[in-house]
Amino acid sequence: MKPKEIIIFGSSGQVGSNLIRRLTKNNYKVTAVTRNIHTKGYNIKKSGNAGWIDLVEFKTFEYDKLRELFKNKDICINLIGILNERRKSSFNNIHCLLPKKLAELCKEYKLKQFIHLSALGVDDVKDSKYALSKANGEYEIKKTFENYIILKPSIIFSRDDKFTTMLLSFIKYLPIFPIYYQGKTEFYPIHVTDVCEIIEKVVIKEIKKETIECIGPEKISFKEILLRLQNSLKIKRLLIPMPISIAKMFATMFEILMKNPLLTRDQLNLLKENNVPSGKYKTNVDLKINSNLKYFDNEIAKYSYMWKDGGEFSREKKI
Ligand SMILES: NC(=O)c1ccc[n+]([C@@H]2O[C@H](COP(=O)([O-])OP(=O)(O)OC[C@H]3O[C@@H](n4cnc5c(N)ncnc54)[C@H](OP(=O)(O)O)[C@@H]3O)[C@@H](O)[C@H]2O)c1
């Protein structure tokens, strides 16, 4: 039987690299799209067996080139996402107009599924451009292509993320750590392999026309996340609640001075609201998709040793 052909956008990221391995193992043929084959190609190629991955370079707004890529494809998966805006890469362009274009092509070439990663908790945040663009993207996709699947994950974590790894670095090197909104914002962190398992099941079971909120097994507040990371490193830091007006001043400074700001005003607005299921959609837990959701502490312990003195040699030996 001819293997299903899957095209993946944003394939070099945290989810992309884990997903390619899973899909190619299941005999799906993957066309991995990246903006820069030169820097990302080698790592993407390593994610699966030889012969099962085609690499394609696509600069974000070269829409004319896209058409060619959709011929003979069965499924499109969009994993492209940004946390900061930069020139043409605005939230609206990346989270709304680009997915809309992909959905139009899915329709034109009669693909079987368009799987799009949005984010949990974006529907009700009023003053975040990130949230608004993700919510608008979902709306445009649903309007355009009926074989959609929208996945809305809470924070995705793993050794390849930009969240726990950044926090571990701060905890290791800074004696004090600022917390916003008293650290009360709640999340359901989900491990990247669990997100990939959801995508894999959606592909295998040919699920369509569904929005699924994707959560991990535990609700954890931002402060609790920091405490658990500290605990994993066996160090204690002073967590100081920072008034939002001061945090916004710092965020403005970061936005002006840094290419990838540590914190933005938009992210502060996003942090105001809990990152928990809305109740409007089913979750992966309701649908019993995952075989064994992974717990935060167990997974963190598998890579936090890299931030401990002694690195690899600080790992606790299992007897
Ligand atoms: N990580 C989380 O905690 C989290 C939470 C909720 C939702 N999500 C969503 O889940 C999806 C996957 O997340 P992830 O953690 O795998 O993200 P990631 O590691 O940041 O990867 C995203 C990929 O998007 C592509 N990309 C980035 N900027 C782009 C631009 N300006 N134009 C075109 N492509 C661009 C990059 O691929 P190339 O460099 O190969 O082009 C990058 O590898 C995203 O849509 C994200 O918003 C993530």
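Me: Which helix gives the most to the shell around the ligand?
Reply: Helix α1, residues 14-25, with three residues. Helices here are DSSP runs of H or I with at least four residues, strands are runs of E with at least two, and both are numbered from the N terminus. Residue numbers start from 1 along each chain as its sequence is written. The model is predicted: local features need pLDDT of at least 70, side-chain atom pairs count only at pLDDT 80 or more, and totals for chains, interfaces and linings use all residues.

Me: What makes a residue part of that shell, and which come nearest?
Reply: The C-beta atom, placed from the backbone, must lie within 6 Å of the molecule. There are 24 residues around the ligand. Gly10, Ser12, Gly13, Thr34 and Gly81 come nearest.

Me: How does the shell divide by residue kind, and what makes glycine polar in that count?
Reply: The shell holds 11 nonpolar, 10 polar and three charged residues. Nonpolar means Ala, Val, Leu, Ile, Met, Phe, Trp, Tyr, Cys or Pro; charged means Asp, Glu, Lys or Arg; the others are polar, so Gly falls there.

Me: Why is Arg21 called partly exposed?
Reply: Arg21 has 18 other C-beta atoms within 10 Å. Buried takes 20 or more such atoms, exposed takes 12 or fewer, and partly exposed is in between, with C-beta atoms placed from the backbone. The value of 18 is therefore in the middle class. Arg21 sits in helix α1.

Me: What does Arg21 touch beyond its sequence neighbours?
Reply: Ser47 and Gly48, not counting residues up to four places away in sequence. Contact means C-beta atoms, placed from the backbone, within 7 Å. Arg159 is 138 residues from Arg21 in sequence, and their C-alpha atoms are 16 Å apart.

Me: Is Gly51 buried or exposed, and where is it found?
Reply: Gly51 is exposed, because only 8 other C-beta atoms lie within 10 Å and the limit is 12 or fewer. Gly51 is in the loop between α2 and β3. Its C-alpha atom is 20 Å from that of Glu200, 149 residues away along the chain.

Me: How do you know which strands pair in the sheet?
Reply: DSSP must find at least two bridges between two strands. The open sheet has eight strands in the order β3-β2-β1-β4-β5-β6-β11-β14, with parallel pairing. β3 (53-57) and β14 are the edge strands, each pairing on one side only. Helix α2 (37-46) packs on the sheet, touching β2 (29-34) and β3, and its direction makes about 165° with that of β3. Such angles run from 0 to 180 degrees between N-to-C directions of axes fitted to C-alpha atoms, for helices over the stretch in contact.

Me: How many bridges join β11 to β14?
Reply: Two, and the strands run parallel. That meets the requirement of at least two, so they count as paired. Ile212 is opposite Lys282 of β14. Strand β6 (148-153) is joined to β11 (210-214) by five bridges. Ile150 has Thr211 as its bridge partner in β11.

Me: What makes β5 an enclosed strand?
Reply: Five of its five residues are buried, so β5 is largely enclosed by the rest of the structure. Gln113, Ile115 and Leu117 point one way, and Phe114 and His116 the other. In a regular strand, side chains alternate between the two faces of the sheet.

Me: What does β5 pair with?
Reply: Four bridges join β5 (113-117) to β6. Another four join β4 (75-78) to β5. Ile115 has Ile149 as its partner in β6. Cys76 is opposite Phe114.

Me: What makes a set of residues a nonpolar core, and which members touch the most others?
Reply: Its members are buried Ala, Val, Leu, Ile, Met, Phe, Trp, Tyr and Cys residues, joined through C-beta atoms within 7 Å. The largest core has 66 residues, and Ile8, Phe114, Val195 and Ile199 touch the most other members. A second, separate core has eight residues, including Ile171, Leu229, Ile300 and Trp307.

Me: Why is Asn72 called exposed?
Reply: Asn72 has 11 other C-beta atoms within 10 Å, so it meets the limit of 12 or fewer. Asn72 lies in the loop between α3 (63-70) and β4. Its phi is positive, about 65°, although Asn72 is not a glycine.

Terms used:
Contact = placed C-beta atoms within 7 Å.
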